[in-house]
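I opened my notebook to go looking for empty space in this structure, inside and at the surface. Here is what I looked up, in the order I did it.

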Amino acid sequence: MPTLSELEADPYPAYARLRADEPVTWVPEARQWLVTGWQDVHTVLTDVERFTTDQPGSPMIGVCGGTPLLMREGEPHRDVREAVHHDFAPHRADGFVDTIARPIAEKAADQLAPSAHADLAAHYFEPVAATAVTTLLGLDPDEGADTLRHWGNLLTDVANNFGRDPALDGTVAAELAQDTAVTAVVERLRAEPDGSVISHLLHANRPRGRPRPDPDVLPVLKHLALSAIEPGWLAGWTLAALWSTPGHLTEVRADRALLGAAVHEALRWSGPVGVLGRRTTRAVTLGGRQLPANSVIAAAIASANRDETVFTDPDRFNPHRDLRTHLGFGTGPHRCPAAPLVTALAHTALDVLFDRMPDVRPAPGRQAAPHGWKLRLPGPLDAVWEV
């Protein structure tokens with residue numbers, strides 16, 4: 001069985017071994033069943049009768065002060081999701097990127113360009129993503145972006161903690177309780193609705209004068225902090241993939257139309273979200289194993305996306321791949337509603353980067369340091385370019 005340290009350092013060799021020998025395996029350190037094969041992962045994510053997102057023991061509930069959208073089922077899930085899913089429709093995402101996100105990326109790139117050297121993850125991709133998503137939500141793009149980015153990184157620590165440091169959850173919960181940058185906006189929009197996501201979260205599909213209460217709003221917004229920086233992680237993974245395959249990098253630089261395909265292939269090859277959590281509602285048989293009711297499951301979408309029975313040469317990054325499907329955003333009723341926005345923001349951040357720093361390249365001596373299992377980050381992206 002794999003250890004957490006093995007999975008966090010590089011889960012893909014372990015995933016390949018498990019898909020072949022033990023596609024459903026118990027990981028004692030995480031106290032979860034790890035599911036690695038495409039078909040089994042797909043089953044876990046789509047069979048809502050046997051596998052639920054409701055996980056009462058999840059530390060995310062305590063940290064966020066209530067149940068995030070990702071862990072709701074039935075009407076509580078549909079109610080909140082319906083309130084905001086129109087905001088993330090492809091045509092709305094494209095319009096937002098063109099009018100808001102691209103200028104944000106251009107400003108950030110222009111400020112960074114004279115330095116000729118930077119960690120692009122920390123100083124470009126994450127700030128661009130956080131500022132853009134914060135603006136869409138309806139928060140102040142300065143104070144709000146700093147808050148959501150900070151929250152997102154704290155929640156990443158919680159997601160990858162697996163209870164090994166019990167004090168961490170309490171510390172993060174206390175940090176997220178200092179939410180004045182968000183609660184003040186929620187209170188204003190409760191009385192004065194506008195066209196923002198937070199306003200829709202409060203008022204959409206509700207009787208006039210009866211907005212959704214804070215327990216249905218604030219935990220969702222706090223957990224959305226992860227989505228605020230996820231586009232930056234995806235952009236970082238795409239750049240890391242292109243750096244590792246210089247031929248594809250040359251192609252993308254020469255034909256920017258390939259950049260969208262590169263982003264989607266990076267999402268399959270090494271997406272930021274590696275594992276989605278579920279719980280069995282009854283005793284089930286999965287991958288030849290008998291799992292009791294109330295078993296906690298780690299559905300490894302990162303492993304499913306490299307399943308040899310679905311993808312040819314799956315460990316190779318190839319933007320020319322006929323990528324008809326992948327599980328980078330999950331699937332089923334809980335598929336990420338912000339998927340069009342995440343890919344559009346990652347694409348835009350990279351497009352602007354190649355415009356402003358066309359020769360951007362890894363800094364000499366740079367050592368790649370990807371890390372994480374449930375959420376997998378590319379690590380620092382030390383880069384240089386000519387000024």
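**Cavities**

I began with the closed spaces, and a search of the whole structure gave me three cavities of 30 Å³ or more. I keep in mind that this is a predicted model.

I took the largest cavity to begin with and noted a volume of about 700 Å³. Its lining is made of 35 residues, and the ones closest to its centre are Leu70, His223, Ser227, Glu230 and Cys336. I then asked which elements give two or more residues to that lining. My list reads α5 (74-84), α11 (197-203), α12 (218-223), α13 (225-244) and β5 (276-280). By class I wrote down 22 nonpolar, nine polar and four charged residues for the lining of the largest cavity.

Next I turned to the second largest cavity, which holds about 80 Å³ of space. Among the residues that line it are Phe88, Val133, Leu136, Leu137, Ser227 and Leu345. I noticed Ser227 here, having already met Ser227 among the residues closest to the centre of the largest cavity. At least two lining residues of the second largest cavity come from each of α7 (120-137), α13 and α17 (339-356). How do the classes divide here? I found eleven nonpolar residues, one polar residue and no charged ones.

**Helix α7**

Since α7 helps line the second largest cavity, I followed α7 along its length. I noted 18 residues and a reach of 24 Å from the first C-alpha to the last, close to the 26 Å expected at 1.5 Å a residue.

Where does α7 bend? I found a bend of about 30 degrees at Glu126, with a proline, Pro127, following within four residues.

At the N-terminal end of α7, I found Asp119 acting as the cap: a side-chain oxygen of Asp119 lies 3.0 Å from the backbone nitrogen of Ala121. Just after α7 comes Gly138, for which I noted a positive phi of about 110 degrees.

I also wanted to know how enclosed α7 is, and I counted 14 of its 18 residues as buried, so α7 is largely enclosed by the rest of the structure. I picked Tyr124, which lies in α7, as one to check. Is Tyr124 buried or exposed? Tyr124 has a relative accessibility of 0%, so I put it down as buried. I also looked up Tyr124 against Pro215: the two are 91 residues apart in sequence and 33 Å apart in space, C-alpha to C-alpha.

**Pockets**

Then I moved to the open spaces. The largest pocket holds about 430 Å³ of space. I noted 21 lining residues, with Gln32, Gly57, Ser58, Pro59 and Val296 nearest the centre. The elements that give two or more residues to the lining of the largest pocket are α4 (59-64), α8 (143-159), β5 and β8 (296-299). I recognised β5 from my list for the largest cavity. By class, the lining of the largest pocket has ten nonpolar, seven polar and four charged residues.

The second largest pocket has a volume of about 270 Å³. Of its 13 lining residues, I noted Ile104, Lys107, Ala108, Gln111 and Thr131 as the closest to its centre. Two elements came up as giving two or more residues to this lining, α6 (90-112) and α7. Which element gives the most? I found that α6 does, with six residues. The classes in the lining of the second largest pocket are seven nonpolar, four polar and two charged.

**Two more residues**

I went back to α13 for Thr238, which has its place in that helix. Thr238 has a relative accessible area of 0%, so I marked it as buried. I then asked what the side chain of Thr238 reaches. I found the backbone oxygen of Leu234, at 2.8 Å.

My last stop was Val252, in helix α14 (residues 246-254). I read 1% relative accessibility for Val252, so it counts as buried. Val252 and Pro319 are 67 residues apart along the chain, and I noted 9.3 Å between their C-alpha atoms.

Definitions and conventions
Residues are numbered from 1 along each chain as its sequence is written. This is a predicted model: local features need pLDDT of at least 70, side-chain atom pairs count only at pLDDT 80 or more; totals for chains, interfaces and linings use all residues. Side-chain values use heavy atoms; hydrogens and water are left out. On a 1 Å grid over the protein atoms alone, a cavity is a set of points where a 1.4 Å probe fits but cannot get out, and a pocket is an open set with protein on both sides within 12 Å along at least five of seven lines; lining residues have an atom within 4 Å of a point. Grid points are joined across faces, edges and corners, and a volume is the space filled by probe spheres set on the points. Ala, Val, Leu, Ile, Met, Phe, Trp, Tyr, Cys and Pro count as nonpolar, Asp, Glu, Lys and Arg as charged, and the others, Gly among them, as polar. The expected span of a helix is 1.5 Å times one less than its number of residues. The bend at a residue is the angle between axes fitted to the seven residues ending there and the seven starting there. Buried means under 20% relative accessible area, exposed over 50%, partly exposed in between (1.4 Å probe, protein chains only). A polar contact is a pair of N or O atoms within 3.5 Å; within protein, one must be able to donate a hydrogen and the other to accept it, and residues adjacent in sequence count only if both atoms are side-chain atoms.
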